[in-house]
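Student: Could we go through this model together, starting with its sheet and moving on to the core?
Tutor: Happily! Let's have it on screen.

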Amino acid sequence: MPLHTLAPTVQQDMRYFGSHNFMGRRVAGYEAPRCWLSRPAALALAAVQRDLAPWGLGLKVFDCYRPQAAVDDFVRWGADLTDQRTKAEYYPRVPKSELFARGYIAERSGHSRASTVDLSLVVLDAATARTVLLGAIANGQEIDMGTPFDLFDERSHTDNPTLGVTVRHNRQWLRAVMQRHGWRNLPEEWWHYTLQNEPYPDRYFKRPVR
């Protein structure tokens with residue numbers, strides 16, 4: 001279901017519908033810039049959004065349900081070693097030939113089960129947000145998480161010990177809020193959360209995002 005029907009205030013920056021992503025183009029299967037999730041996942045994300053409001057914060061989602069056609073497109077891109085246009089921005093320290101072996105690209109994705117989401121925090125009231133989070137905080141800006149979304153790098157690991165206090169605090173704070181509402185984090189990606197009690201744990205859907 002479309003997330004906006006239950007959580008209309010969650011900001012949506014659906015990266016795979018456009019060109020601001022590691023492939024540098026629109027990804028197959030994304031026919032509209034919309035976040036789709038299973039109903040339980042959408043309800044749980046709406047609960048997180050309500051929890052964040054008193055702290056002057058909100059959610060911004062980058063990817064939600066991902067059709068299998070998109071995953072297949074990722075795999076084709078990963079196998080084409082001649083296309084390295086986005087290396088400097090998205091995988092500067094990892095050879096493209098190793099993206100599969102290191103787990104950054106796979107032939108199946110939890111996103112295709114419709115209960116996984118990639119997200120970050122955005123500031124709605126800077127003065128209030130500064131009481132719980134660290135770093136440069138300004139209205140309308142994303143919170144400092146140390147790396148951008150979809151950086152294929154160990155720096156994106158949620159608990160990477162080499163990162164500063166600010167980044168570690170902000171990532172852990174986000175994780176704590178998400179866990180209170182039934183989400184678990186993927187340790188290799190600070191932005192990646194899956195509903196613990198997802199309704200379709202063995203399904204991989206093919207319907208395009210429209």
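Student: How many bridges join strand 3 to strand 5?
Tutor: Keep in mind that this is a predicted model. Strand 3 covers residues 116-123 and strand 5 covers residues 189-195, and the two run antiparallel. Within this pair, Val117 stands opposite Tyr193. The number of bridges joining the two strands is three.

Student: Which strands are the edge strands of the sheet?
Tutor: The sheet is open, with five strands in the order 1-2-3-5-4 and mixed pairing. An edge strand here pairs on one side only. That description fits strand 1 (11-12) and strand 4 (183-186).

Student: Helix 5 packs on the sheet, so to speak; what angle does its direction make with that of strand 5?
Tutor: Helix 5 spans residues 165-180 and touches strand 2, strand 3, strand 4 and strand 5. Its direction makes an angle with that of strand 5 of about 5°.

Student: Which helix or strand gives the most to the largest nonpolar core?
Tutor: That core has 58 residues, and Leu45, Leu57, Val61, Leu119, Leu121 and Trp183 touch the most other members. Several elements each supply at least two residues, including strand 2, strand 3 and helix 5. With seven residues, the top contributor is helix 1.

Student: Leaving aside neighbours within four places in sequence, which Trp is in contact with Leu121?
Tutor: Leu121 is among the core residues that touch the most other members. Its contacts include Leu52, Leu59, Leu133, Ile143 and Met145, as well as Gln141 and Glu142. The Trp in contact with Leu121 is Trp173.

Conventions: Residues numbered from 1 in each chain as written. Predicted model: local features only at pLDDT ≥ 70, side-chain atom pairs only at ≥ 80, totals over all residues. Heavy atoms only, no water. Pairing = 2+ DSSP bridges. Helix = DSSP H or I, 4+ residues; strand = E, 2+ residues; numbered from the N terminus. Contact = heavy atoms within 4.5 Å. Axes fitted to C-alpha atoms, helices over the stretch in contact; angles between N-to-C directions. Core = buried A, V, L, I, M, F, W, Y, C linked by side-chain atoms within 4.5 Å. Buried < 20%, exposed > 50% of the residue type's maximum accessible area, 1.4 Å probe, protein only.
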